[in-house]
Amino acid sequence: MKTNLKKGSSENGQPPRWAQVFLAWYCRPSLLEDLEGDLNEYFDRNLRKKGARYARLVYMIDVLKFFRPYTVRKPDFLNLWIHYLMIGSYIRTSRRSLVRNKLFSFINIIGLAVSMSVGLLVIAFLADLYAYDDFQEKKDRTYRIITHQQATGQNGIDVASTSIKVGRKLGETIPGVEDFTIMRSGFSGDARIGQNAFPLEALWADQSFFKVFTFPLVTGDPGSALKEPYSLVLTEKTAKKLFADADPMGQTVRFDTINYVVTGIAKDVPHLSHLRFDALISFASADATLGKTDEYLYTWDNVWNNYVYLTLPKGETPEDAQRALDRLNTEENKAMIGQQVTVSLQPLKDVALGNHLSNNIGAATSPLVVWVLIGLAFVIILSACFNYTNLSIARALRRSREVGMRKIMGARKSHVLGQFMAESVMIALLALLISFGLYLFLRKEFLALSPEISELVSLDLSLQSILGFVALATLTGLAAGFLPAVFLSRINAVSVMKDASGLKLFKHIGLRKTLIVLQYTLSLAFIATTMIGYGQYKGLLNFDLGFSTQNVLNIKLRGADPAVLIKELEELKEVTGISQSMMVTSVGASYGALMKYKPGDSAIVWQNRVDEHYLSVHKHNLVSGSNFLLRPSKENESEVIVNQQVLKRFNIAGQDPQKALGQFVTVDGQKLSIIGVLKDFHYGTLENKIEPVVFRYSKSQPNGYLNLKIVSQDPAATMAKIERLWKSFDKVHPLEARFYNNQIEKVYSRYSTMVKVIGFVAVLAICIASLGLLGMVVFTTETRLNEISIRKVLGASEIELVYLLCKGFLALLGIGALIALPVTYLFFDKIVLTRFAYHQPIGISELFSGVLLVMMLALLLIGSQTAKAARNNPARVLKSK
Amino acid sequence: MKGTNLGEFEELVLLTIAALVQDAYSVAICDELEKHTGRVSKLGVVHTVLNRLEEKGLVKSRMGEATSARGGKRKRYYEVTQAGKIGLIRAKEVRDGLWNIIPGFNIETA
């Protein structure tokens with residue numbers, strides 16, 4: 001209590017400042033004084049009796065409690081009217097001031113424009129995401145059924161797909177559903193029309209598809225187009241590709257041995273649709289083909305490829321339907337062993353911008369991405385606002401006489417406040433024009449950044465986005481202009497007219513310094529993030545995977561036995577090795593197999609099926625044993641090559657690679673003997689730990705890959721040769737060949753996109769911070785010109801003067817670096833890089849190189865301006881005063 | 001209708017103002033009420049009532065002199081007007097009239 005009282009004598013002995021201000025703001029002038037007095041009296045009482053903390057608390061509560069109809073002042077329409085009358089004058093003086101201080105206007109407008117262009121981009125991006133599926137007439141009452149699959153003892157998975165059974169049950173048992181449609185993804189084949197063949201992917205969809213969704217048909221009957229088995233609906237684009245200008249209606253398209261009849265042509269799917277398709281095949285065809293041979297298709301736990309959407313009648317809430325689904329869940333899960341499958345409803349409007357679901361049928365963006373983008377834009381715009389605030393307060397001297405004059409002529413504090421807020425909003429709107437131009441350029445670059453982005457959004461202008469732009473500019477203006485307006489409105493008219501130099505210009509120097517430090521902290525953090533991110537990304541690409549991907553070209557096969565092709569390829573002198581494999585490792589794909597060693601112990605291991613050349617082409621290292629010795633057909637498979645993790649997981653022969661040779665393991669029911677032990681390598685991506693992997697022998701992989709080792713001076717010519725060979729080998733499918741290193745690059749492309757985005761933001765942040773710094777340095781040297789001249793006359797050298805002017809700014813930058821670097825380091829070390837099981841250590845050079853660059857730039861700015869001031873002829877400066 | 005009816009709390013406040021004579025300002029009124037009724041009177045409630053009484057014309061107020069206490073803010077002193085006095089007397093008469101017609105009133109039996 002005693003310490004409380006002691007403290008109370010200084011800071012805490014006063015009522016909270018904001019509460020006082022708030023009271024003065026809302027309370028009627030006629031009631032204000034004695035109310036303030038009463039509260040003060042109670043405050044003093046409480047201070048004596050119960051201490052400062054209690055007294056302040058009670059004061060705050062009382063101020064809030066007195067906010068009542070009889071105490072609140074009426075809105076002052078007269079003031080609004082005066083503001084309206086004065087707008088012309090405000091605009092005129094703002095314009096003059098803008099033209100007079102060209103450098104500062106330039107810094108402000110360019111800074112705001114550049115930063116807002118990022119904001120515009122984010123707004124357009126968001127507007128697109130929220131406009132997803134808006135063309136669906138029943139968007140607000142369409143729901144998707146999503147599924148949570150929980151295998152006992154494992155992490156559950158949330159998927160956007162569900163089982164066909166749910167769809168069937170919807171019709172039978174669940175009341176209050178207007179329409180529903182069942183779809184299935186994964187139809188893919190060669191569409192043959194006469195002699196021509198085109199690869200085509202399609203969705204199976206049942207006849208209610210066009211009732212639930214608004215995808216208008218150009219020709220054909222929406223009610224029956226997808227009713228009969230083997231009906232096919234094409235989009236206009238697909239129809240054009242398949243039939244050129246001929247009328248496709250009623251034509252036959254053959255896939256394998258089955259003929260499908262075209263029963264409708266749909267308009268092309270709009271860009272902002274989460275559901276996209278080139279062609280639809282009636283679900284009855286799936287029943288007639290897949291369903292005939294595979295009963296599993298219709299089971300409750302087959303939830304991986306099927307999608308169910310439903311619409312509710314107008315005005316219905318989804319609760320009833322969800323309750324019915326809950327009942328269905330309980331009933332069906334009774335029969336499930338080892339897993340639980342629960343379905344629930346997801347509104348269509350949450351699909352495009354919802355939480356992460358696997359098996360999404362179309363584009364979906366995680367809210368995290370959106371928040372990160374908003375955060376980046378916010379930080380950049382804030383930085384530009386800081387510039388405005390800083391420079392305007394610093395330049396307040398120039399406007400103080402104007403304010404003094406206005407006040408003497410009868411302007412109130414609120415009028416001046418309004419004037420300067422209006423001015424900053426006007427400047428922000430002016431900046432918006434430039435910003436829009438920048439945005440048009442930025443949009444192109446952003447869309448080109450990665451194919452996923454241009455897939456996802458179109459960034460076309462819409463009413464919403466334009467309203468958003470104007471709102472952003474207005475808000476930015478208000479935020480930037482607030483502090484300067486408050487500062488200027490407080491100017492005392494009489495003292496400023498008598499002697500303008502009496503204005504306490506440096507009173508807010510602490511605030512300005514803080515803003516500069518903050519700006520530089522942000523810029524430095526961004527640049528360090530970019531540098532570290534780039535270093536880590538390069539590290540991912542060049543990581544030693546445990547085998548060689550150098551000059552390996554992977555060619556995707558499309559079902560034909562490649563023996564002929566291999567023979568022809570071997571003739572090329574650039575091709576030094578050819579192997580076959582089921583899949584390409586290290587690029588994110590994985591194929592599991594069930595492995596047993598001792599009875600009762602089984603586990604999933606990852607597998608690849610390869611031929612005898614695979615190990616040499618990829619330079620895999622064997623710890624012991626040898627490559628496959630036998631060349632059996634699939635049924636007589638007897639050998640397996642395992643990695644060290646397999647020995648560890650199953651504790652085979654005490655993990656001794658030599659002794660493990662000849663041991664028998666069972667993989668997917670095949671009894672195989674270990675012929676070789678591989679050194680551990682990265683089967684998955686670097687985000688995952690190395691797990692047990694087996695290589696099994698396979699003579700030929702018609703649906704897998706050819707791996708070509710290429711030694712060539714002219715890769716383009718080699719590719720052309722390979723392409724020629726491919727064309728005569730497979731006439732339907734275009735050649736799909738990628739260099740292994742490029743495939744790996746693609747896996748981590750989202751990181752490269754991230755680094756690019758953050759790098760761009762870093763450049764902007766640095767530009768804006770540099771502009772702000774330039775402004776402050778110019779202002780400081782200008783105001784200290786007399787001082788500098790006198791010092792020079794008294795014998796100070798130019799170097800000394802430059803040092804004198806610089807040191808304050810250098811200290812600020814130093815503080816910025818001291819905050820930014822450790823924070824960035826910890827952010828990467830503790831948060832970002834923990835996502836990667838394997839990564840390189842953070843390089844000190846990466847951390848410091850960017851910072852050094854920014855510092856050099858700042859030094860150059862400060863140095864050039866201060867040197868200019870220091871070189872001035874003191875006689876001339878002092879004479880003109 | 002407004003000026004004619006007095007609520008119970010209003011009557012108490014009015015009486016307190018009358019009792020305090022020259023010193024009737026909000027905080028003093030609160031304290032005095034607390035002393036006599038034994039109930040904690042909140043400043044906010046008293047303020048509202050004072051405001052309403054003034055609206056009804058039962059009290060009038062003037063600002064006092066500024067002193068160093070209360071952070072230099074002046075006090076608002078209240079005074080019962082003629083209408084207020086009439087209101088108080090009428091209220092008392094109503095009560096007295098009722099008391100008079102009670103034949104015998106023994107507190108022990110209650």
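A charge sits over a ring if NZ of Lys or CZ of Arg is within 6 Å of the ring centre and within 35 degrees of the ring normal. The model used in these exercises is predicted.

**Exercise 1. Charges over rings**

Task: Find what lies over the face of A:Y838, and what sits over the ring of A:Y42.

Solution.
- Step 1. Start at A:Y838. A:K689 lies over its face, at 5.6 Å from the ring centre.
- Step 2. Go to A:Y42. Here the charged end of A:R45 sits over the ring, 5.1 Å from the centre.

**Exercise 2. Classify two aromatic pairs**

Task: Work out how the rings of A:F22 and A:Y26 are arranged. Then treat A:F213 and A:F215 in the same manner.

Solution.
- Step 1. A pair of aromatic rings is described by the distance of the centres and the angle of the planes.
- Step 2. Over all chains, the count is 35 aromatic pairs. One of them joins A:F22 and A:Y26, with 5.0 Å centre to centre and 65° between the planes. Planes over 60 degrees apart count as edge-to-face, so this pair is edge-to-face.
- Step 3. Place the pair. Both A:F22 and A:Y26 belong to helix 2 (residues 17-26) of chain A. They are 4 residues apart, about one turn of the helix.
- Step 4. Check exposure. A:F22 has 24% relative accessibility, so it counts as partly exposed. A:Y26 has a relative accessible area of 2%, so it is buried.
- Step 5. Now take A:F213 and A:F215. Their centres are 5.9 Å apart, with 45° between the planes, and the pair is tilted.
- Step 6. A:F213 is buried at 2% relative accessibility. A:F215 is buried too, at 3%.
- Step 7. Follow the ring pairs outward. They link A:F213 and A:F215 into a cluster with A:F135, A:F209, A:F210, A:F277 and A:Y309.

**Exercise 3. Describe the interface of chains A and B**

Task: How many residues does the contact take from chain A, and how many from chain B? Add the buried area and the polar links.

Solution.
- Step 1. Count residues. Chain A gives 17 residues to the contact and chain B gives 19 residues.
- Step 2. The size of an interface is often given as the accessible area lost when the parts come together. Chain A and chain B bury about 1600 Å² between them. Carbon and sulfur atoms account for 48% of it.
- Step 3. Look at the chain A side. A:E33, A:D34 and A:Y70 lose the most area to chain B there. Together they make up 32% of what that side buries.
- Step 4. Count salt bridges. The interface of chain A and chain B has 6 salt bridges. B:K73 and A:E36 meet in a salt bridge through their side chains, at 3.1 Å from N to O.
- Step 5. Count polar contacts. Between chain A and chain B, 14 residue pairs are in polar contact.
- Step 6. Find the main element. Helix 3 (residues 29-50) of chain A supplies 13 residues, the largest share of the side of chain A that touches chain B.

**Exercise 4. Two buried residues and their surroundings**

Task: Describe where A:V118 and A:E637 are placed and what they touch.

Solution.
- Step 1. A:V118 is in helix 6 (residues 102-130) of chain A. Its relative accessible area is 8%, so it is buried.
- Step 2. Leave aside neighbours within four places in sequence. A:V118 is then in contact with A:A377, A:L442, A:F760 and A:L764.
- Step 3. Compare sequence and space. A:V118 and A:R443 are 325 residues apart along the chain, yet 9.5 Å separates their C-alpha atoms.
- Step 4. A:E637 belongs to the loop between strand 16 (622-625) and strand 17 (639-643) of chain A. At 5% relative accessibility, A:E637 is buried.
- Step 5. The side chains of A:E637 and A:R696 are joined by a polar contact of 2.9 Å.
- Step 6. Not counting residues up to four places away in sequence, A:E637 touches several others, including A:R609, A:Q670 and A:Y697.

**Exercise 5. Positive phi, buried or exposed**

Task: Is A:D133 buried or exposed? Is A:D256 buried or exposed?

Solution.
- Step 1. Most residues other than glycine have a negative phi.
- Step 2. A:D133 is not a glycine, but its phi is positive, about 65°. A:D256 also has a positive phi, near 55°.
- Step 3. A:D133 is in the loop between helix 6 and strand 1 (142-151) of chain A. Its relative accessible area is 1%, so A:D133 is buried.
- Step 4. A:D256 is in the loop between strand 7 (252-255) and strand 8 (258-266) of chain A. With 67% relative accessibility, A:D256 counts as exposed.

How values were computed:
Residues are numbered from 1 along each chain as its sequence is written. Chains are lettered from A and ligands numbered from 1 in the order in which they are written. This is a predicted model: local features need pLDDT of at least 70, side-chain atom pairs count only at pLDDT 80 or more; totals for chains, interfaces and linings use all residues. Side-chain values use heavy atoms; hydrogens and water are left out. Rings of Phe, Tyr and Trp (its six-membered ring) pair if their centres lie within 6.5 Å; planes under 30 degrees apart count as stacked, over 60 as edge-to-face and the rest as tilted. Helices (H or I, at least four residues) and strands (E, at least two) are DSSP runs, numbered from the N terminus. Buried means under 20% relative accessible area, exposed over 50%, partly exposed in between (1.4 Å probe, protein chains only). Contact means heavy atoms within 4.5 Å. Buried area is the accessible area (1.4 Å probe) that two parts lose on being put together, summed over both. A salt bridge is a side-chain nitrogen of Lys or Arg within 4 Å of a carboxyl oxygen of Asp or Glu. A polar contact is a pair of N or O atoms within 3.5 Å; within protein, one must be able to donate a hydrogen and the other to accept it, and residues adjacent in sequence count only if both atoms are side-chain atoms.
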